[in-house]
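Let's walk through a few helix contacts and some backbone oddities. Have the sequence and the model open while you read.

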Amino acid sequence: MAQFDPKNDANQTSPDSESSSTCSSQPGISNEGASRRKFLQMAVGGAAAGLVTAAGMEFVAPSSALAQSTLTPEMALKELLEGNKRFAAGNLTSFEQDLAILRNHTSEKQQPFAAVLACADSRVPVELIFDQTIGHIFVTRDAGNITTSEIIASLEYGAAVLGTKVILVMGHGACGAVDATIQGKEVPGQISALYPHIQPAVDLAGPDLEATVKANAKIQAALLRQASPVISGLVKKEKLLVLAAFCSISSGVVSLLK
């Protein structure tokens with residue numbers, strides 16, 4: 001079975017593209033102009049401070065916890081995309097694994113080979129989409145798959161402490177959060193707090209929804225690379241890939257965005 005084994009992560013797979021995606025969110029209120037520069041300063045100051053010193057790449061975590069996966073970034077990406085091929089074809093293998101054994105192996109530590117920033121939409125269950133199981137993917141989710149300081153901090157932990165080799169920012173078709181930002185309608189509560197994060201994509205590709213979803217995924221991936229000294233340092237050392245992707249809800253296929 002072509003499934004990633006946490007005890008032997010020299011597994012090989014081959015990537016496949018194609019995709020579209022969906023994100024559920026509610027309509028929104030008037031757009032609030034928050035500059036990306038201000039956001040980047042906030043993200044760097046808040047998220048990166050806990051894991052790096054003034055030197056830039058000194059991690060607080062014990063060295064024994066670092067880089068637990070021996071997969072290369074390219075191999076990790078191939079494993080994700082090969083799993084998505086199985087999902088799209090309806091040939092899932094992750095459910096064949098003994099969950100009791102997996103829980104035993106992961107009860108004291110985790111060794112995810114990849115991290116995914118996905119939308120909170122119920123139609124994009126990350127582990128299913130990539131046909132992976134317990135301990136394989138470090139998942140962060142919020143409406144619109146946006147990069148906040150908390151998301152950056154979480155993904156820094158995944159990359160610097162747990163040794164994830166690839167971070168995939170995955171948008172999806174019919175995303176409600178992106179559509180709400182395009183429409184700019186008034187909504188209850190704090191839903192409109194999403195708008196400033198997504199507005200740059202609307203400015204770039206709106207009002208076409210799919211184009212804006214894809215633009216948003218690419219912008220959020222770029223923010224991850226720029227806002228975090230931890231992540232950018234690992235990317236420069238070729239120890240980590242940070243990429244954008246799009247998931248088609250109708251087909252289930254994930255494709256990389258360039």
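H5 and H9 sit oblique to each other, because their angle falls outside the bands for roughly parallel (under 35 degrees), roughly antiparallel (over 145) and roughly perpendicular (65 to 115). The angle between helix H5 (residues 149-161) and helix H9 (residues 229-236) is about 40 degrees, and their axes are 9 Å apart. Axes here are lines fitted to C-alpha atoms, for helices over the stretch in contact, with angles running from 0 to 180 degrees between N-to-C directions. The crossing of H5 over H9 is left-handed, meaning that the near helix is turned anticlockwise from the far one by less than a right angle. On the H5 side the contact uses Leu155, Glu156, Ala159 and Ala160, and on the H9 side Pro229, Val230, Ile231 and Leu234; contact means heavy atoms within 4.5 Å. Sorted by class, that makes 7 nonpolar, no polar and 1 charged. For those classes, Ala, Val, Leu, Ile, Met, Phe, Trp, Tyr, Cys and Pro count as nonpolar, Asp, Glu, Lys and Arg as charged, and the others, Gly among them, as polar.

A word on ground rules: this is a predicted model, where local features need pLDDT of at least 70 and side-chain atom pairs count only at pLDDT 80 or more, while totals for chains, interfaces and linings use all residues. Residues are numbered from 1 along each chain as its sequence is written, and side-chain values use heavy atoms, leaving out hydrogens and water. Helices (H or I, at least four residues) and strands (E, at least two) are DSSP runs numbered from the N terminus.

Next up is helix H6 (residues 176-183), where 6 of the 8 residues are buried, that is, under 20% relative accessible area (exposed is over 50%, partly exposed in between; 1.4 Å probe, protein chains only). The buried ones are Gly176, Ala177, Val178, Ala180, Thr181 and Ile182. What do they pack against? Helix H7 (195-205) and helix H8 (209-227).

With H7, the H6 axis comes within 9 Å and crosses at roughly 75 degrees, so H6 and H7 are roughly perpendicular to each other. Ala177, Val178, Ala180, Thr181 and Ile182 of H6 meet Tyr195, Ile198, Gln199 and Val202 of H7. This contact has 7 nonpolar, 2 polar and no charged residues. Just after H6 comes Gly184, with a positive phi near 65 degrees.

Now for the backbone oddities. Most residues other than glycine have a negative phi, and most peptide bonds are trans. Two residues that aren't glycine go positive here:

| Residue | Phi | Loop | Relative accessibility |
|---|---|---|---|
| Ala174 | about 55 degrees | between strand E3 (166-172) and H6 | 44%, partly exposed |
| Glu238 | near 60 degrees | between H9 and strand E4 (241-247) | 67%, exposed |

There's a cis peptide bond too, running from Gly206 to Pro207, with omega near 5 degrees. Pro207 is in the loop between H7 and H8.

Is Asp131 buried or exposed? Asp131 is buried, at 0% relative accessibility. You'll find Asp131 in the loop between helix H4 (126-129) and strand E2 (137-141). Its side chain makes a polar contact with the side chain of Thr93, at 2.9 Å. A polar contact is a pair of N or O atoms within 3.5 Å; within protein, one must be able to donate a hydrogen and the other to accept it, and residues adjacent in sequence count only if both atoms are side-chain atoms.
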